[in-house]
Amino acid sequence: MKLKIKLIAMFFIAAVITYSSCTKTKYSFGEIKTPSDLKLTATITGADAANPTGSGVGTVAINVSATNAITYNVDFGDGNKQIVSSGVIIYKYNNPGIFNYTITVNAIGTGGATSTISKKITVFVAYTIPPAIVEGLTGGTSRTWVTDRNAPGHVGVGPTNTFTPDYYAATPNQRADCLYDDEITFTKDANGNILMSVNNKGQSFVIAASTAYYGKAGGDNCYDIDESGSKKLVFMDATSGSNSGNSTMVQFMVPGNGLINFGTGANTYEILSISDTNISLRNIGIDGLAWYQKLKVK
């Protein structure tokens, strides 16, 4: 009798084990819901009518919302991504200058269902100007410069693959008088920006290839050009392929017509060298040549 009971018990246990091993656990996500009513806003810090790309700090307040969204996968358009649940992000762009970015958000719902929305923004990130450049240009506050008319090569031109005026270098006092009376003042403001004002005494020297750029007609000469007003310069790393042996590797952009003390149709100037008394600048003119100018402190 005992043997029969034991055999029955063993058979029951084996049956339970066999049944359990053949039965799979079932999971359910519930109803799959695709996120809807997806909205995306991006507010650039310091953006206003006068500064639509922001104040230069580079931060953007991103707010995304959707019905039935569990998480948001955010692509900031600069190579970085982030997954968040709240849909509220303060993100900082770090590439100096003014650049376009496309923010793309995938709202993820149950079962991985997604909805996508994108928004294009343009953000200004201020470049941190090296202290030696700030000190050299402004003396810490404000400093005025003129053409170094006695220096060989105070006006020069050469090919773009070198950093010397290989085609032409002016001898002392060789150029027109209007090029020598300009006063260029660089000033540091309370926010660390550098402003430039030019007193050209009513006329600026312009090379023949760029006269039309300034609304003029004719050859190399002095022209009546309005240079009034203060301009906030935009600094950045040089893009010329220069090195520390031939340049500071820092350049700046001049808004407006871009003219400093003589016009080549350019608005971007690379600082080749700088001290408390002398500056050497290089720009690529509208004619595709590299132009040079030397300044001295007034």
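Rings of Phe, Tyr and Trp (its six-membered ring) are taken to pair if their centres lie within 6.5 Å, and a pair counts as stacked when the planes are under 30 degrees apart, as edge-to-face when they are over 60, and as tilted for the rest. With that in mind, select Phe76, Tyr91, Tyr93 and Tyr101, which ring pairs link into a cluster.

**Before going further**

This is a predicted model, in which local features need pLDDT of at least 70 and side-chain atom pairs count only at pLDDT 80 or more, while totals for chains, interfaces and linings use all residues. Residues are numbered from 1 along each chain as its sequence is written, and side-chain values use heavy atoms, with hydrogens and water left out.

**The whole chain**

Show the protein chain as a cartoon, and you will find 3 helices and 21 strands, where helices (H or I, at least four residues) and strands (E, at least two) are DSSP runs numbered from the N terminus. Of its 298 residues, 38% are buried, a word that here means under 20% relative accessible area, with exposed meaning over 50% and partly exposed in between (1.4 Å probe, protein chains only). The chain exposes about 15700 Å², and carbon and sulfur atoms supply 55% of that area, as computed by the Shrake-Rupley method with a 1.4 Å probe, where for residues only the protein chains shown count as cover. Among the contacts (heavy atoms within 4.5 Å) with a separation of 6 or more, 55% are between residues 24 or more positions apart.

**Aromatic pairs**

Return now to the rings, of which the structure holds 8 aromatic pairs. Tyr91 and Tyr93 form one that is edge-to-face, with 4.9 Å from centre to centre and 85° between the planes. Tyr91 is buried at a relative accessible area of 12%, and Tyr93 is buried at 0%.

Next, select Phe252 and Tyr269, whose ring centres are 5.8 Å apart and whose planes meet at 25°, so that this pair is stacked. Because Phe252 lies in strand S17 (residues 250-253) and Tyr269 in strand S19 (residues 268-274), the pair ties together parts that are 17 residues apart in sequence. Phe252 has a relative accessibility of 0% and counts as buried, and Tyr269 is likewise buried, with a relative accessible area of 0%.

A further ring to select is that of Phe163, over which the charged end of Arg282 sits, 4.2 Å from the ring centre; the criterion is that NZ of Lys or CZ of Arg is within 6 Å of the ring centre and within 35 degrees of the ring normal.

**Strands S1, S2 and S5**

Strands of a sheet pair through backbone hydrogen bonds, either parallel or antiparallel. Here two strands are said to pair if DSSP finds at least two bridges between them. Select strand S1 (residues 36-44) and strand S2 (residues 59-67), which run antiparallel and are joined by 7 bridges, with Val60 in S2 as the bridge partner of Ile44. S2 also pairs with strand S5 (residues 88-92) in the antiparallel sense, over 5 bridges, and there Asn63 stands opposite Val88 in S5.

**Two open sheets**

Which strands make up the open sheet with antiparallel pairing, and in what order? It has 4 strands, in the order S4-S3-S6-S7. Strand S4 (81-84) and strand S7 (114-125) stand at its edges, each with a single partner strand, so one side of each is left without a neighbour in the sheet. Neighbouring strands of this sheet are turned by 20° against each other on average, direction ignored, the axes being lines fitted to C-alpha atoms, for helices over the stretch in contact, and angles in general running from 0 to 180 degrees between N-to-C directions. Within it, strand S3 (residues 71-75) runs antiparallel to S4 and is joined to S4 by 4 bridges, and the bridge partner of Asn73 in S4 is Ile83.

The other open sheet has 3 strands in the order S14-S13-S18, with mixed pairing; its edge strands are S14 (221-224) and S18 (262-263), each pairing on one side only. Strand S13 (residues 203-206) and S18 run parallel and are joined by 2 bridges, and Val206 has Gly263 as its bridge partner in S18.

**A loop and a helix**

In the loop between S13 and S14, select Thr211, which is buried at a relative accessible area of 6%. Leaving aside neighbours within four places in sequence, Thr211 is in contact with Val206, Lys216, Ala217, Gly218, Gly219 and Tyr223.

Finish at helix H2 (residues 131-138), whose buried residues are Ile133, Val134, Gly136, Leu137 and Thr138. H2 is followed by Gly139, which has a positive phi, near 65°.
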